[in-house]
Amino acid sequence: MSHERDMHVPRTDSDSVMPGLPDIHPSFIQVAKPYVFEQTIQDCIKAMGLNTIREESLRLQGVLWIDNVRKVLHLPVRTFNTAVIYYHRFRLSHPDSEYNFMDAAAAALFTACKIEDTLKKSREIVCAAYNLKLPPSEHLSPDSQVFETKAREIIGLERLMLESSGFDFRTRHPQKTLAKLTQRHKLPRESEVSELAYRISLDLYRTFAPVKQTTSTMAFSCLELAGRLLDQRIDTVESGTDYNEWNTSRPEIMETMFDILELYTHHRSSTSVGPHFPADRFLTVRIPLNQEASEQHIPRYANWIDRRHQLKDVGNAQNSTLPKDADIQRPNHPLMPTAANGDRFRTSDRAKDAAVRFMLDHDIADCEKRQVAEYFKVEMEEYEVDE
């Protein structure tokens, strides 16, 4: 009887409502960026809340660590170049509170060894760094169990290195272009200017210039700066008659030379070329460059967008909508993947069910975002009701 009585109970509206389907996330898209300009670099530092002095210190220490270890392992310069690029890109995507700079440098070198086909095991890299601190009689072999934990940590960081670069395996080596330039301008390979330019090209990787500039821009900058430092200026290089042929420009070369000179001025002892010149020599070289930049109206950074009007408009809008005691959020990280619906990827999203897809073609990514964005538009219609 109870069963029959239950069957005659009328169903309510709440019983017939189907459970809502979960929202489908359009997934995040990260497009590989072969070049990251100075403005974007500064935006990354602001977004992560990094201290500029600490950032410079960790950058120099990490590059020095990579250079010392690659010399012990007898790795070529191309592996050093690629490792430093991965180290820079990783640090622009992850705040220094999430990792140890030596672990990041080791993972960058480990990844570069694979890309440049100069394979080294993670144990060998950790062992080489460990033995640098000890006399030869106390050196350990890579098979020692001491390196087991650290070697596994480096392998785990390798994935983050590849993600930070957008799985872009294209590499740049200015030393090859520098050799071609010296031949073109009839400079002997063993000349003082050529050798100094080569050493400057290695110090250049202690700055962010390799992330910002092309190989031809870096090669021209190193060759011209070497001639200026040695007071053996090369008129054919400084004239810029073949800039178009090498797809570079004077503002980009000036920016790169200023980056190197600032490195030698503030961190002379942390470079290979700096200690061989007196400190005032770099200031003497910079004075005519400053004059040229002033006369030719060359900006300090070649690719820079004036955002003062944008920031003013945003600030006025925030002041009119937010209460005075509201917390000001940090700016969005420019290198984080974005979705078609406007979402930005964050570190906490790694545990969520949101995929990140990596692309090399920027046009294809934009086209896909436009197509997917149509399904996430919220359309509203307004009606006037007469009362």
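This is a guided tour of the chain, stop by stop, with something to select at each one.

**Before you click**

You're looking at a predicted model, where local features need pLDDT of at least 70, side-chain atom pairs count only at pLDDT 80 or more, and totals for chains, interfaces and linings use all residues. Residues are numbered from 1 along each chain as its sequence is written, and side-chain values use heavy atoms, with hydrogens and water left out.

**Stop 1: the whole chain**

Start in cartoon view. The chain has 17 helices and three strands; both are DSSP runs numbered from the N terminus, helices being H or I over at least four residues and strands E over at least two. Of the 387 residues, 45% count as buried. Buried here means under 20% relative accessible area, exposed means over 50%, and partly exposed is in between, with a 1.4 Å probe and protein chains only.

Switch on a surface: the accessible area of the chain is about 23,200 Å², and 52% of that belongs to carbon and sulfur atoms. These areas come from the Shrake-Rupley method with a 1.4 Å probe; for residues, only the protein chains shown count as cover. As for contacts (heavy atoms within 4.5 Å), take those between residues at least 6 apart in sequence: 79% join residues at least 24 apart.

**Stop 2: a nonpolar patch**

Select Y130, L140 and V146, which make a nonpolar surface patch of about 250 Å². Patches are built from residues with over 30% relative accessible area and no salt bridge, joining like charges within 9 Å and nonpolar side chains (Val, Leu, Ile, Met, Phe, Trp, Tyr) within 5 Å. Y130 sits in helix α7, residues 122-131, and is partly exposed at 35% relative accessible area.

**Stop 3: two loops with positive phi**

Most residues other than glycine have a negative phi. Now select H74, which has a positive phi of about 60 degrees without being a glycine. You'll find H74 in the loop between α4 (52-72) and α5 (77-93), exposed with a relative accessible area of 71%.

Then jump to K186. Its phi is also positive, about 60 degrees, and K186 is not a glycine. The loop this time runs between α9 (174-184) and α10 (192-203), and K186 is exposed at 75%.

**Stop 4: salt bridges along α8**

There are 27 salt bridges, counted wherever a side-chain nitrogen of Lys or Arg is within 4 Å of a carboxyl oxygen of Asp or Glu. Select helix α8 (residues 148-164) and show R152 and E148, which are four residues apart and so separated by about one helical turn. Their side chains meet in a salt bridge at 2.8 Å, N to O. R152 is exposed at 60%, while E148 is partly exposed at 22%.

Further along α8, E163 and R159 are also four residues apart. This pair forms a salt bridge, with the closest N and O atoms 2.8 Å apart. Here E163 is buried at 17%, whereas R159 is partly exposed at 46%.

**Stop 5: a buried bridge and its network**

Next, select K212 and E255. Their side chains form a salt bridge of 3.0 Å, N to O. The pair links distant parts of the chain, with K212 in helix α11 and E255 in helix α14, 43 residues apart. Buried or exposed, K212? K212 is buried, at 4%, and E255 is buried too, at 3%. Now extend the selection: salt bridges with shared partners join E38, K212, E255, D259, E262, R286 and R300 into one network.

**Stop 6: a pocket and a cavity**

Keep E38 and E262 selected and add E56, R59 and F208; of the 20 residues lining the second largest pocket, these five lie nearest its centre. That pocket holds about 440 Å³ of space. α3 (38-48), α4, α11 (209-212) and α14 (250-266) each supply at least two lining residues.

Finally, go inside: the whole structure has four cavities of 30 Å³ or more. The largest holds about 70 Å³, and its lining includes Q30, V31, R89, S93 and L335. Two elements, β1 (28-31) and α5, give two or more residues to that lining.

For the bookkeeping, on a 1 Å grid over the protein atoms alone, a cavity is a set of points where a 1.4 Å probe fits but cannot get out; a pocket is an open set with protein on both sides within 12 Å along at least five of seven lines, and lining residues have an atom within 4 Å of a point. Points are joined across faces, edges and corners, and volume is the space filled by probe spheres set on them.
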